[in-house]
Amino acid sequence: MGKTSDLTAVQKTIIDTLHKEGKTQKVIAKEAGCSQSSVSKHINRQAKGRKKCGRKKCTSSRDNRTLQRIVTTNPFKNVGEIHKEWTAAGVSASRTTTRRLMKDMGFRCRIPCVKPLLNMKQRKKRLAWAKDKKDWTDAEWSKVMFSDESKFCISFGNQGPRVWRKSGEAQNPRCMRSSVKFPPSVMVWGAMSSAGVGPLCFLRSRVNAAVYQEVLEHFMLPAADQLYGDADFTFQQDLAPAHSAKTTSTWFKDHGIPVLDWPANSPDLNPIENLWGIVKRRMQYARPNNAEELKTTIRATWALITPEQCHRLIESMPRRITAVIEAKGARLSIECYTCTFFSCSFFSVGQH
């Protein structure tokens, strides 16, 4: 990072723009993500009119625009396919040059995010819900027990096609792929509060109202005793059919447990999604051979979650509420929060 030759085209553009605006070199270095000495050398070189020595570029600005258009049009192509289409347009360049120019343009090869559709009606309800909860304090959110199910799968290391995208484009619809299923798998129910996590429940069958009420009886109630003791709490759940069934509502009333109203299709508002993300990232190098080994790995990883991590996630709720209001009910960008959350409901563990 100490040489001007290491600066990308994007960084040089940022430096030139901020320098014209009269920004200090310290500020420019921070914005461009490079050292202050690199900024100084680049500015001095530009002031003296010195041109970079070395081999002449083999592509023109027009060629580069063609490459950017190819990548933007279909970001799921690999480098070989992009290079083939680019050279077919009459450009003479190597595959290495193609990759380097894509990097200079700011494109990085990443695993695409997956998120469900959020229609206009759901956006309006999310916005109304956020406005209703905007004055809730951290203390009020700490009284909420958040719950969710998540699916963990074993695969053979195939994470699917990657996507070429720039920084900040993770949630761009053109850079996302559809959800897919990979057997074998296990479905897990878990709960958390600002005090920590409760016991996990591995679901053996499809979750209907009766099965869900068994989970509540044998796992949620012990979790409440563990996390809250005799103190009052509010339970959070999404709007899955088993959760919103009349018999389930009756179960909560019979046990005197208030349920937090929750907008549909809103996993981005649930901090336990962050927790699943933490568990899944810690398990990315695990090599379970079967479902039982996968369960053992999940239990061990879940046990490593600390109350401090849970507390930080609960503290993010006011920020999430504010973000939903600012976005007018639209889904939040997952990159806005610490511990990178979300959102993959499926997790693939590679095998030997």
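This passage describes helix 4, two buried positions, and the cysteines of a predicted model.

Helix 4, which comprises residues 61–73, contains 13 residues and spans 18 Å from its first C-alpha to its last, close to the 18 Å expected at 1.5 Å a residue. Within helix 4, the residues T66, L67, I70 and V71 are buried. These four residues lie on the same side of helix 4, because they cover an arc of only 130° around the axis. An α-helix has 3.6 residues a turn, so residues three or four places apart point the same way. The other side of helix 4 carries S61, R62, R65, R69 and T73, which are exposed. As to the partners of the buried side, the buried residues of helix 4 pack against two helices, helix 5 (79–88) and helix 6 (95–104), and against strand 3 (163–165).

A buried position in a loop is provided by L269, which is situated between helix 11 (246–255) and helix 12 (272–282). The relative accessible area of L269 is 0%, and L269 is therefore classed as buried, the cut-off being under 20%. When residues up to four places away in sequence are not counted, L269 touches R126, W129, W262, P263, M317, R320, V324 and L332. For one of these contacts, that with M317, the separation along the chain is 48 residues, whereas the C-alpha atoms of L269 and M317 are 7.5 Å apart in space.

A second buried position, C201, belongs to strand 6, which consists of residues 201–203. Its relative accessibility is 6%, so C201 counts as buried. Apart from neighbours within four places in sequence, the residues in contact with C201 are M187, V188, W189, V215 and F219. The C-alpha atoms of C201 and G190 are separated by 6.5 Å, the two residues being 11 residues apart along the chain.

Two further cysteines can be set beside C201 with respect to accessibility. C310 has a relative accessible area of 0% and is buried, whereas C58, at 45% relative accessibility, counts as partly exposed. For C58, the value of 45% falls between the cut-offs of under 20% for buried and over 50% for exposed, which means that neither of those two classes applies. A disulfide is a covalent bond between the sulfur atoms of two cysteines. A search of the whole structure for such bonds finds zero disulfides, and no pair of cysteine sulfur atoms within 2.5 Å is therefore present in the predicted model.

Conventions. Residues are numbered from 1 along each chain as its sequence is written. This is a predicted model: local features need pLDDT of at least 70, side-chain atom pairs count only at pLDDT 80 or more; totals for chains, interfaces and linings use all residues. Side-chain values use heavy atoms; hydrogens and water are left out. Buried means under 20% relative accessible area, exposed over 50%, partly exposed in between (1.4 Å probe, protein chains only). Contact means heavy atoms within 4.5 Å. The expected span of a helix is 1.5 Å times one less than its number of residues. The arc is that of the directions from the helix axis to the C-beta atoms.
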